[in-house]
Amino acid sequence: MAAGGGRGHLVSEQPAQDFANAAAQLYLGGVANVTWERAISDLSAADAGRRPAGLPHSAAQIVAHVQFWQHYLLAVIAGENPPAVAHAAEGWPAGELPAGEWEALRDRFLRDAQRLRDLTLDASLTASPDRKGRPYAVALTNSAGHSVYHLGQVVTVRQALGLWPPVGGGATW
């Protein structure tokens, strides 16, 4: 680290890598938040499917929504060119998950979050243009922010259901 601008601020000698590391960390939950794994790993299928009064989604629906977009982005990166989504509602499940699907969804979600995290750390990929001509770093960073936004919703759902903190505790300082 070197002093920058004579103001006493520390400036990283590798800002692009520092930014990539910070963005990648968001796929896990971020440094100041509980991790996705901790927030969802101890949820039973029954609890994941419960929707608190006054809230629009269950934890399972929120995870399914984020997984929809994780899968979509991974398909785009793989060159599969999935069709554009016309309306936001298309990224949400139509109802509750069918019985027995929570564990598989949770496992896919955590696996794909790790894949996106790894891709976010790939400097050659993040500098490459996506199908809109923007560096993949833009899509990956937007996706990471989307993910951590919905992580907060899962925490709120769990709190409203009296299921917080998770086993192992929540993020406290």
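## A tour starting at Lys132

Select Lys132 to begin: at 64% relative accessibility this residue counts as exposed (over 50% relative accessible area; buried is under 20% and partly exposed lies in between, with a 1.4 Å probe and protein chains only). Lys132 sits in the loop between helix H6 (123-127) and H7. Now add Pro98 and draw a distance: the two C-alpha atoms are separated by 35 Å, with the residues 34 apart along the chain.

Before moving on, a word on what is on your screen. This is a predicted model with residues numbered from 1 along each chain as its sequence is written. Local features need pLDDT of at least 70, side-chain atom pairs count only at pLDDT 80 or more, totals for chains, interfaces and linings use all residues, and side-chain values use heavy atoms, with hydrogens and water left out.

**Zoom out: the whole chain**

Switch to a cartoon of the protein chain, and you can find seven helices and two strands. These elements are DSSP runs numbered from the N terminus (helices are H or I with at least four residues, strands are E with at least two). Follow the cartoon along the sequence and the pattern reads β-β-α-α-α-α-α-α-α. Along the principal axes, the C-alpha atoms fill a box of roughly 55 × 45 × 25 Å.

Next, colour by accessibility: buried residues make up 34% of the 173 residues. Turn on the surface, and the accessible area comes to about 9600 Å², 57% of it belonging to carbon and sulfur atoms (Shrake-Rupley method, 1.4 Å probe; for residues, only the protein chains shown count as cover). If you like contact maps, take the contacts (heavy atoms within 4.5 Å) between residues at least 6 apart in sequence: 70% of them join residues at least 24 apart.

**Stop at helix H4**

Select residues 59-77, which form helix H4. How far apart are the end C-alpha atoms of H4? They are 27 Å apart, which agrees with the 27 Å that 19 residues should span at 1.5 Å a residue (the expected span is 1.5 Å times one less than the number of residues). Show the neighbours too: 16 of the 19 residues of H4 are buried, so this helix is largely enclosed by the rest of the structure. Just beyond, pick Gly79, which follows H4 and has a positive phi, near 80 degrees.

**On to the salt bridges**

Here the rule is a side-chain nitrogen of Lys or Arg within 4 Å of a carboxyl oxygen of Asp or Glu, and the count comes to five salt bridges.

Select Arg158 and Asp42, whose side chains meet at 2.7 Å, N to O. Arg158 lies in helix H7 (residues 136-160) and Asp42 in the loop between helix H2 (36-40) and helix H3 (45-48), so this pair ties together parts that are 116 residues apart in sequence. Arg158 is buried, at 4% relative accessible area, whereas Asp42 is partly exposed at 31%.

Now go to Asp47 and Arg50, another salt bridge, with the closest N and O atoms 3.0 Å apart. Asp47 is partly exposed at 22% relative accessibility, and Arg50 is also partly exposed, at 36%.

Finish at Arg111 and Asp112, whose side chains form a salt bridge at 3.1 Å, N to O. Is Asp112 buried or exposed? Asp112 is buried, with a relative accessible area of 2%, while its partner Arg111 is partly exposed at 45%. Add Arg115 to the selection, and you have one network of Arg111, Asp112 and Arg115, joined by salt bridges that share partners.
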